[in-house]
Amino acid sequence: MLSVRDLRASYGSIEALQGTSLEVREGELVGLVGHNGVGKSTTLKAIAGVLKPTGGRIEWLGEPLRGGAAATIRAGIAYVPEDRRIFGGLSVEENLRLGATTRSDADGVAADVERELERFPALKKLYKRRAGNLSGGEQQMLAISRALISRPKLLLLDEPTLGLAPIVIDTLFATIASLRDEGLTVLLVEQNVRKTIQVADRAYVMAPGGRIELEGAARELERSDAFRAGYLSLAPAAAPGQTKAVTA
Ligand SMILES: Nc1ncnc2c1ncn2[C@@H]1O[C@H](COP(=O)(O)OP(=O)(O)OP(=O)(O)O)[C@@H](O)[C@H]1O
């Protein structure tokens, strides 16, 4: 569905991506994890059309993806950036309705808004409230809902749980998993590697320069010694039949 090949992107003289390649297939929830500053956000920005790549290819539904952010949304890719881009001076309702501005059909927007309020009951109570007064978790729910109102085929999420309380983090991960269960395709960038690997179908581990260091089915990565030692801060898994020594 989405194919990224040898992607390169720079900020002035800093080449953040020096050849990133990944795939997202229809209906998958794909995690993109890695240490700080390796290029995860830059990858999403390039796919979302907010940062122009300096090389490589991004193909969407078999065609090259170009034309900037608005064209990307119209093509069916919604992006929730790390800073959420909520309009603080507008109400929750107005923010949600802004999600429909790239849609050609006005029909069905009210039903979509209603569906989002069912998805996040917290937003229902805050519907007329100024979005700038919402908590970080509520703003994240609003940002995801607004993105869903554009009726995307692919949702790009950049660190949706960053800085949020544990209970809100659990709610958001459950929501992201349920979106995939409803058939939406999701590419999720996250610092919370453990929870990401629990909900994802597949995952990519990014190393500096945007190089993909490890990739595979989430269940297999979770068992791989390189992944456990480098990204879960866990000792390698015991081999089948081997008893692990337990020290007091
Ligand atoms: N606007 C910018 N101007 C200059 N350099 C930038 C800019 N944004 C990111 N970079 C640099 O590009 C590299 C990749 O950054 P990016 O934000 O994509 O990493 P990341 O993996 O998402 O990290 P984090 O998890 O900390 O958000 C880093 O070296 C970063 O310092």
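This briefing walks through the overall build of the chain, its two sheets and some of its helices. The structure is a predicted model, with an ipTM of 0.95 and a pTM of 0.92. Its secondary structure comes to 10 helices and 10 strands. The radius of gyration is 19 Å, close to the 18 Å that the globule rule gives for 248 residues, so the chain is as compact as a globular protein of that length.

**Confidence**

- Averaged over the chain, pLDDT is 91, and 94% of the residues reach 70 or more.
- A stretch to read with care is residues 243-248, where pLDDT stays under 50. For these residues the model has 1 contact beyond four places in sequence.

**Overall build**

- The C-alpha trace spans about 60 × 45 × 30 Å along its principal axes.
- Of the 248 residues in the chain, 38% are buried.
- Take the contacts between residues at least 6 apart in sequence: 65% of them join residues at least 24 apart.

**The sheet of 4 strands**

- This open sheet has the strand order 2-1-4-5, and its pairing is antiparallel.
- Strand 2 (14-24) and strand 5 (63-64) stand at the edges. Each has a single partner strand, so one side of each is left without a neighbour in the sheet.
- Strand 4 (residues 55-60) pairs with strand 5 in the antiparallel sense, over 2 bridges. To find this pairing in the model, look for Trp60, which stands opposite Glu63 in strand 5.

**The sheet of 6 strands**

- The order in this open sheet is 6-7-8-3-9-10, and the pairing is mixed.
- Here the edges are taken by strand 6 (77-80) and strand 10 (211-217). Because each of these has a single partner strand, one side of each lacks a neighbour in the sheet.
- On average, neighbouring strands of this sheet are turned by 15° against each other, direction ignored.
- Strand 7 (residues 154-158) and strand 8 (residues 185-189) run parallel and are joined by 5 bridges. Leu154 has Thr185 in strand 8 as its bridge partner.
- As general background, strands of a sheet pair through backbone hydrogen bonds, either parallel or antiparallel.

**Helix 1 and the strands it crosses**

- Helix 1 covers residues 40-48 and lies across strand 1 (2-11), strand 2 and strand 4. The helix runs at about 110° to strand 1.
- Helix 1 also lies across strand 3 (29-34), strand 6, strand 7, strand 8 and strand 9 (202-207). Its angle to strand 7 is about 145°.

**Helix 6**

- Helix 6 is mostly covered, with 13 of its 14 residues buried.
- At 1.5 Å a residue, helix 6 (residues 136-149) should span 20 Å, and its end C-alpha atoms are indeed 20 Å apart, which agrees.
- Just after helix 6 comes Arg151, which takes a positive phi of about 55°.

**Helix 7**

- Helix 7 has 16 residues (residues 166-181), which should span 22 Å at 1.5 Å a residue. The end C-alpha atoms of helix 7 are 23 Å apart, in agreement with that expectation.
- Just after helix 7, a positive phi appears at Gly183, at about 110°.
- One general point helps when viewing helices: an α-helix has 3.6 residues a turn, so residues three or four places apart point the same way.

Methods. Residues numbered from 1 in each chain as written. Predicted model: local features only at pLDDT ≥ 70, side-chain atom pairs only at ≥ 80, totals over all residues. Expected span 1.5 Å × (residues − 1). pLDDT = per-residue confidence, 0-100. Contact = placed C-beta atoms within 7 Å. Pairing = 2+ DSSP bridges. Axes fitted to C-alpha atoms, helices over the stretch in contact; angles between N-to-C directions. Rg over C-alpha atoms; globule rule 2.2 N^0.38 Å. Buried ≥ 20, exposed ≤ 12 C-beta atoms within 10 Å, placed from the backbone.
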